[in-house]
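Subject: Handover of a protein structure

Dear colleague,

Please find below the structure that I am handing over to you. A summary of what was found in it follows directly after.

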Amino acid sequence: RPLTEEETRVMFEKIAKYIGENLQLLVDRPDGTYCFRLHNDRVYYVSEKIMKLAANISGDKLVSLGTCFGKFTKTHKFRLHITALDYLAPYAKGFGVAAKSTQTAKSRTPLAMWLFNQADVGE
């Protein structure tokens, strides 16, 4: 079934944290129009062409449809699944890595602590 307005809002807010305004690019793609559908508390990202074909299958017989983007918890929060990563990565806001140089590491004592920091644009 299609997502309700509240479900759509919660899901888009979560996805927007990672890809920002590029959310529209997920729906209007050059290779066709894609949409989000809810089935058994899981949100699937599916092309409209596949969705129309799946309309011939009853809901209780349907196992999955398209790519699972995430699911709604019992408290109505949205959790992204790792299967959504391939679709979100091209539109990501940014990601960075910071570490000390090798020369600095060699001059430290063996008991010294090191920090390796991975951060997104928000940090």
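How many nonpolar, polar and charged residues are there in the lining of the second largest pocket? The answer is given below, once the model itself has been introduced.

Please note that this is a predicted model. The mean pLDDT of the protein is 77, and 77% of the residues reach 70 or more. Confidence is highest in strand β4 (residues 67–72), with a mean of 88, and lowest in strand β6 (residues 95–98), where the mean is 52. I would ask you to keep these values in mind as you read on.

Overall fold

The protein contains five helices and seven strands. Along the sequence, these elements are arranged in the pattern α-α-β-β-β-α-β-β-α-β-α-β. The chain has 123 residues, of which 27% count as buried.

The second largest pocket

To return to the opening question, the lining of this pocket is made up of three nonpolar, three polar and six charged residues. The volume of the second largest pocket is about 240 Å³. Its lining consists of E6, E7, V10, L38, N40, D41, R42, K71, F72, T73, K74 and H76. Two elements, α1 and β4, give two or more residues to this lining. Helix α1 provides the largest share, with three residues.

The salt bridges

Two of the lining residues just listed, E6 and E7, also appear in this part of the account. The protein has three salt bridges in total.

One of them joins the side chains of R1 and E7, with a distance of 3.0 Å from N to O. E7 has a relative accessible area of 16%, so this residue is buried, the limit being under 20%.

A further salt bridge links E6 to R9, whose closest N and O atoms are 2.5 Å apart. Both residues belong to helix α1 (residues 5–19), where they are three residues apart, or about one turn of the helix. E6 has a relative accessibility of 47% and therefore counts as partly exposed. R9 is likewise partly exposed, because its relative accessible area is 39%.

R9 also forms a salt bridge with E13, and here the closest N and O atoms are 2.9 Å apart. E13 and R9 are four residues apart in helix α1, so about one helical turn separates them. With a relative accessibility of 43%, E13 counts as partly exposed. Through shared partners, the salt bridges join E6, R9 and E13 into one network.

The nonpolar core

Which residues have the most contacts inside the largest nonpolar core? They are M11, I15, L26, F36, V43, F69 and F72, in a core of 17 residues. At least two residues of this core come from each of α1, α2 (23–27), β2 (32–39), β3 (42–47) and β4. Helix α1 supplies the largest share of the core, namely four residues.

When you examine the model, I suggest beginning with helix α1. This helix holds E6 and R9, gives the largest share of the lining of the second largest pocket, and also gives the largest share of the largest nonpolar core. F72 is another useful residue to locate, since F72 is listed both in the pocket lining and among the core residues with the most contacts.

Yours sincerely,

A colleague

Definitions and conventions: Residues numbered from 1 in each chain as written. Predicted model: local features only at pLDDT ≥ 70, side-chain atom pairs only at ≥ 80, totals over all residues. Heavy atoms only, no water. pLDDT = per-residue confidence, 0-100. Salt bridge = Lys/Arg side-chain N within 4 Å of Asp/Glu carboxyl O. Buried < 20%, exposed > 50% of the residue type's maximum accessible area, 1.4 Å probe, protein only. 1 Å grid on protein atoms, 1.4 Å probe; cavity = no way out; pocket = protein on both sides within 12 Å on 5 of 7 lines; lining within 4 Å. Points joined across faces, edges and corners; volume = space filled by probe spheres on them. Nonpolar A, V, L, I, M, F, W, Y, C, P; charged D, E, K, R; others polar. Core = buried A, V, L, I, M, F, W, Y, C linked by side-chain atoms within 4.5 Å.
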